[in-house]
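Let's take a walk through a protein chain, looking at its cysteines and then at its nonpolar insides. Keep the picture open while you read.

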Amino acid sequence: MRSLIKFLRNILINKLFILFIINSVTTAQEVPDNLLYGHARLFFNDMLLIGNHKILWAKDKWHESKRKMYLLDNTNQIRDTMKCSAIEDIITLDDSTFLIWDLNYEVVIQIKDNRFDVKKVFSIFPSFENRYGLDILIDRYMIGKKYLSKPDCEVFNAAIINNILLPVIQTVPNTYEKKLYNLSSKDTITIITINCPHNIVLNQEQEKIFQENLKNINIKPFTLIDKRYTCHSRTREYYGWDNIEIFRNKLFLYEKNSCSVFVFDMVNHLKMKDIFILPVDNQSTQGWKYFFDRKSGKHFAVKRVIISGADSRSRRKEKVQYKYYIYNMDWKNKNLNFIKNTFWKPLYISEKYIYSLKPSKESIDIVFISTENN
């Protein structure tokens, strides 16, 4: 009897093993050729190509603890991870360095030896922040958004800080900050201040020195994009948020309310040089997002259109479905050259590929689509 049970058990184990092999082969065969990355337990909703690396970014709006960046090498293997608190777009400075525009910090990170290497961390406290909203440092410029309550919109301001020695404070991250950007107690945060914050500098002698230094500082803020553009909302269906790209001494700024890309000269005091206004035919269903590919130097725009599930008159709560139309931006003629459309959300666009999110049963995969028309 025991031998019969053992015999039957061995047959069952062999059959289960064969079924496992068959299922494994079937699963392997089902992996699409255009799959960049997929993981059952990791959720990504943004990505960036920088040099020979890719950054996958989990930007969870409601759970700060789940916001992370994953660094992929040229074989698409994860080499490093970094926890962050930002949910806005990052600014690429060169082929290995990028800047994170965070709510509390400005973090400059370089990709070195397949690792995230934090180069600088700034915390900016200008005395005119409440008035002008300046909160990010790019090269020799401070740029920020100021909310206007009455028109219920924002304007962009800037200030030139070249050849000005600003008072600074060096501090180490606290316990909470150690969890962000791979910072440790050995790292330092540079606090750039124009008006010495009393809650940071407690020593009266230090404060006196800072106040003396302030007398020699002459910073004149100016309006970068005024309310003529930003306080006239051309769409109610926001897709892309405000973001900045820098390339060859030019700063490209996409502003969501006007659905426009503004160009500023970084050599000539951020003088506005050009503007590309993206067309909106239906405010309720159409929104735009701006993309830039550093390798090719090409600019792209994606129009997101609601195709179902957004009828406010219906009592049924249906999931909103979108369709995405990808265009190449012709700056000279101010034309949009259609590339193709897709139902998958584009995350990054290069000269050759459109990288998009493709939901599956067990995960959300990142796939790439050729920009060439089939």
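Here we start with the cysteines and then move on to the nonpolar cores. Keep in mind that this is a predicted model.

How many disulfides does the model have? The count is one. The partners are Cys153 and Cys231, with their sulfurs 1.7 Å apart; a pair counts as a disulfide because the sulfur atoms lie within 2.5 Å. Try finding both ends in the picture: Cys153 sits in strand β12 (residues 153–160), while Cys231 is in the loop between α4 (227–230) and β16 (243–247). They are 78 residues apart, so to speak, and the bond links distant parts of the chain. Now look along the S-S bond itself: the torsion there is about 65°, so this disulfide is right-handed.

Are the two ends buried or exposed? Cys153 has a relative accessible area of 4%, so it's buried, since the cut-off is under 20%. Cys231 comes out at 26%, so it is partly exposed. Two other cysteines, Cys84 and Cys259, are buried too: Cys84 has 0% relative accessibility, and so does Cys259.

Now for the nonpolar insides. In soluble globular proteins, nonpolar side chains tend to be buried together. The largest nonpolar core here has 37 residues. Met47, Ile55, Met69, Phe98, Ile100 and Tyr181 have the most contacts inside that core. Zoom in on Met47 and you'll find that its contacts, leaving out residues up to four places away in sequence, include Leu36, Ile55, Leu347, Tyr355 and Ile366. There is also a second, separate core of 20 residues, with Leu99, Ala158, Leu251 and Phe264 among them.

Notes:
Residues are numbered from 1 along each chain as its sequence is written. This is a predicted model: local features need pLDDT of at least 70, side-chain atom pairs count only at pLDDT 80 or more; totals for chains, interfaces and linings use all residues. Side-chain values use heavy atoms; hydrogens and water are left out. Helices (H or I, at least four residues) and strands (E, at least two) are DSSP runs, numbered from the N terminus. Buried means under 20% relative accessible area, exposed over 50%, partly exposed in between (1.4 Å probe, protein chains only). A nonpolar core is a set of buried Ala, Val, Leu, Ile, Met, Phe, Trp, Tyr and Cys residues joined through side-chain atoms within 4.5 Å. Contact means heavy atoms within 4.5 Å.
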